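Here are some notes for a colleague who is meeting this structure for the first time. Please keep the sequence and the 3D view open while reading.

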Amino acid sequence: MQITPERQLDEQTGGLKLLFPMKRIDVPSRDAVGSRNKFLHPEVADLFNALPEGIAVTDMWRSGKGSFQAIKRGRPAAKPGNSGHNWGMSIDLDLKQTMKNWGIWKTVPGWAAKMAAIRERMAEFGWCWIYHSKGLEEWHFNGLGKGEVNTNGFYSVRDWVVSHWDLTITDRELQGLLTTCAIIFEDEGMNPGGVDGIVGPKTRRAMKRYSDVTRFSLTNSRFHWSLIACCMEPKEVE
Ligand SMILES: [Zn+2]
C-alpha cells in the first residue's frame with residue numbers, strides 16, 4: 001500500500017507541510033513514548049497490534065527535526081529522513097521490560113541468549129532487528145513484514161520507504177519545504193527567498209545551508225526525503 005501525503009500550504013509564508021496518514025498506537029502509560037510520537041504507518045501499525053501482549057516501547061514515530069535533535073544530543077540516531085522512525089516503520093523496545101513481560105528474563109540465561117529469544121519472537125511477527133551503520137542498536141526493530149525479515153534491514157528500509165510512501169515533489173514544493181525548514185530550525189539561511197518553482201541560486205544556497213546544518217549530503221539522491229521528513233506531520237487515520 002503506497003500512501004500519498006496531503007499537502008498543507010501556509011499561504012502567508014509559502015511554507016509547506018506534508019500530512020502523512022498514520023495510525024495512533026495505544027501504549028501503556030508506563031512506556032516512555034512521548035504523546036506526540038505514538039504513530040506508525042497503517043501497515044506497520046497492524047504488525048504492531050499483532051505483537052504479543054506485554055511489549056514495552058520507548059519510541060515510535062519521530063520527526064525529522066527530532067532525529068536532528070537526537071544527533072545533536074549525541075545519541076546514535078540516523079540523519080533526518082534516513083531513520084525508519086521518520087517514516088513510522090520503526091519502534092525502540094524497552095528490552096528488559098519486554099523480556100520480563102514475555103517470560104524471557106528469568107528463564108533464559110545470559111544477555112546474548114535473551115536477545116536471541118527476543119529477536120526470534122519479533123521476527124515471527126514481521127519485525128526485523130538491524131545493525132545500525134554506526135554500531136549496534138539492539139533495541140531498534142523495523143516493521144518490514146514477514147517476507148522481508150532479515151538482518152540487513154538498513155537497506156531494506158529504503159526499499160520499504162520507496163514502496164510505501166509517495167515522496168515525489170515538484171520544485172515549487174521543494175522551495176515550500178525549505179521555507180518551512182527555515183521556520184522550524186529558526187535559520188534564515190534555509191529560506192529560499194520565495195516560492196516561484198524555479199530553482200536558482202537562492203534556492204541552491206538554502207539547500208546548501210540545510211545540508212550543512214543537518215549533515216545530510218546535498219549529493220545524496222534522497223536529499224529531498226530528508227526535507228520531507230523534517231516537514232511531515234502525522235495525520236491520524238482509523
Ligand atoms: Zn530506533
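The points below deal with strand pairing and then with the nonpolar core.

1. This is a predicted model, in which local features need pLDDT of at least 70 and side-chain atom pairs count only at pLDDT 80 or more, while totals for chains, interfaces and linings use all residues. Residues are numbered from 1 along each chain as its sequence is written.

2. Strand β1 (residues 6-9) pairs with strand β2 (residues 16-24) in the antiparallel sense over four bridges, where strands are DSSP runs of E with at least two residues, numbered from the N terminus, and pairing requires at least two DSSP bridges. Leu-9 stands opposite Leu-16 in β2. The two strands, β1 and β2, form a hairpin with six residues between them, and Gly-14 in the turn has a positive phi of about 80°.

3. β2 also runs parallel to strand β8 (residues 232-237), to which six bridges join it, with Pro-21 opposite Lys-235 in β8. Two bridges join β2 to the antiparallel strand β3 (residues 39-40), and here Arg-24 stands opposite Phe-39.

4. The largest nonpolar core (buried Ala, Val, Leu, Ile, Met, Phe, Trp, Tyr and Cys residues joined through C-beta atoms within 7 Å, buried meaning that 20 or more other C-beta atoms lie within 10 Å of a residue's own, with C-beta atoms placed from the backbone) has 52 residues, of which Leu-40, Leu-178, Cys-181 and Cys-231 touch the most other members. This core draws at least three residues from each of domain 1 (6-164) and domain 2 (171-232), with bounds from an automatic or database domain assignment.

5. Leaving aside neighbours within four places in sequence, Cys-231 is in contact (C-beta atoms, placed from the backbone, within 7 Å) with Leu-16, Lys-17, Leu-18, Leu-177, Thr-180 and Cys-181.

Terms used
Buried ≥ 20, exposed ≤ 12 C-beta atoms within 10 Å, placed from the backbone. Contact = placed C-beta atoms within 7 Å.
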